[in-house]
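Reader: I would like to go through the salt bridges of one protein chain. Please show me the structure to begin with.

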Amino acid sequence: MMPSSAPDVQETPSRLTDAWRFCVGTGRFDLALRRDYQESLALVQREIGFRHIRGHGLLSDGVGVHRPYEHRGTRHVRHVFTYVDQVIDAYLDLGIKPFLELGFMPSGLASGEQTVFWWRGNITPPRSWQEWAALVRATVAHLVDRYGIDQVRTWPIEVWNEPNLEAFWLGADQDAYHRLYEVTANTVKDVDASLQVGGPAISPGSDEWLVRFADFVVERSLPIDFVSRHAYTSGPAQHVPFGVHQTLAPPSWLLEQFATPRRQLRGGPLADLPVHITEFNSSYRPDNPIHDTAFHAAYLAPVLAAGGDLADSFSYWTFSDVFEEAGVPASLFHGGFGLLTHRQIKKPTYHLYAFMARMGEEILARGPDHLVTRDGAGRVTVLAWAPVDVTGGPPVDGHTVRLSIPVAPRAASAFVLRSSVSEEKGNVWRAWCEMGRPASPRPRQLDALREAAEPVRSHRGLPIEDGHVGLDITLDRHEVTLLEITPVVDETPPWWDDGRLLGLDQRGSDGGAAL
């Protein structure tokens, strides 16, 4: 695919929002006590830098907050924050804030025994609304007391997770959820009116829930500071041992789901509220191998490039494969949601996020296969991606993106650094397959996989003509590439003579040369 001419990137910049990294998902709350988890999060924060982190299970038994006991024949409840403090201290030390999800139900407060996941998060309403309110009040008040109101008011507080699904809320009873929201939101605001609270955190497929929820909130004059929902594009699960396969809708379906809340709320009292997509991915399963592939990075590239126009945040589910909803993972690569496997091995989608983190703040251009930005120092970055076909047709090889990039007009040339992942480059899943798919790689195998996981990098100098650099970016199958373009300040000494170096390649550079 070759455009007939290179379009000029227009210098009418808009701003690249941080919606793509406002939040990231995580396995259940208490997994953050593990060393592998904290090492993984530290790496993610160094190279990507998410603002918030959201996961399930803050109030589940594994965290140990709700502790009923008897004393002198009377039932009491003690609220214990030993693990909560350790986890949030670790988050803040790593430069990330919690996006709090209030759930699931402690077994000592639950009205039933129905649970979800291998780790048995209880999905039933409280048997005592008064005791639930006391639990919420104690938890939020403790956080304010420990971390200060100025800090905690920047932490969104979401009421429950996907109550429109029977797997997460008994009977998917919307009236019962409305009561949960009313009690919870009022209790949060009783602690401090400046705290952010919202919901309903619904899954795809029940969009009418949001309309009914909005009507309920308005009719009851309930506090609400944001609305939330989730977005996935996979079809029904086709099970195999220790995994699934699923069909996928086009990535544009994710963007359509991001846009749905504002469309549904348009013209109503909640129309101007922030919209947080508190989970998104291709598949909703933690054992779908698509998550590990180069295809997946190219699939999500247009979503990261455009999603900030439609929602205030969209939270990738999840940053790491330290995750146990379907049980302990059976092998290093198992189709987990994570950007990283266990032991900090980077998947291709990790690099998509790391590339985004290196882009500038000003958007110079966007297209169906590229995003061009510039930072305050004048460095221009181009993110480009190959098209993907979710119908199972033949993959595209040799897709070309041709651009004319504005750079500093006083420079004669530009230095271009290119970083790429594709089916052939930086694709650690493929390397693992070629290694024989070891379930528990030995240390030397892990070292080899870490090296195979790094993007392939190349560089060259290109001339600047009329303030522009011409680029022909040819993309491999399922490639995502980042080009960083910096004007050259030539500091070559006047006595330097390249001709006196044996074997030096005296290559010339032509405008618009293929990269």
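Author: What follows is a set of questions about salt bridges and burial.

Author: This is a predicted model, in which local features need pLDDT of at least 70 and side-chain atom pairs count only at pLDDT 80 or more, while totals for chains, interfaces and linings use all residues. Residues are numbered from 1 along each chain as its sequence is written, and side-chain values use heavy atoms, with hydrogens and water left out.

Reader: What makes glutamate 324 and arginine 34 a salt bridge?

Author: A salt bridge needs a side-chain nitrogen of Lys or Arg within 4 Å of a carboxyl oxygen of Asp or Glu. The N to O distance for glutamate 324 and arginine 34 is 2.7 Å, so the pair meets the definition. By this rule there are 34 salt bridges.

Reader: Why is glutamate 324 called buried?

Author: Buried means under 20% relative accessible area, exposed means over 50%, and partly exposed lies in between (1.4 Å probe, protein chains only). Glutamate 324 has 6%, so this residue is buried.

Reader: Why is arginine 34 called partly exposed?

Author: Its relative accessible area is 36%, which lies between the two cut-offs, so the term applies.

Reader: How do you know that aspartate 447 and arginine 450 form a salt bridge?

Author: Their closest N and O atoms are 3.6 Å apart, so the pair falls within the limit. Both residues lie in helix α11 (residues 443-452), 3 residues apart; helices are DSSP runs of H or I with at least four residues, numbered from the N terminus.

Notes:
Helix = DSSP H or I, 4+ residues; strand = E, 2+ residues; numbered from the N terminus.
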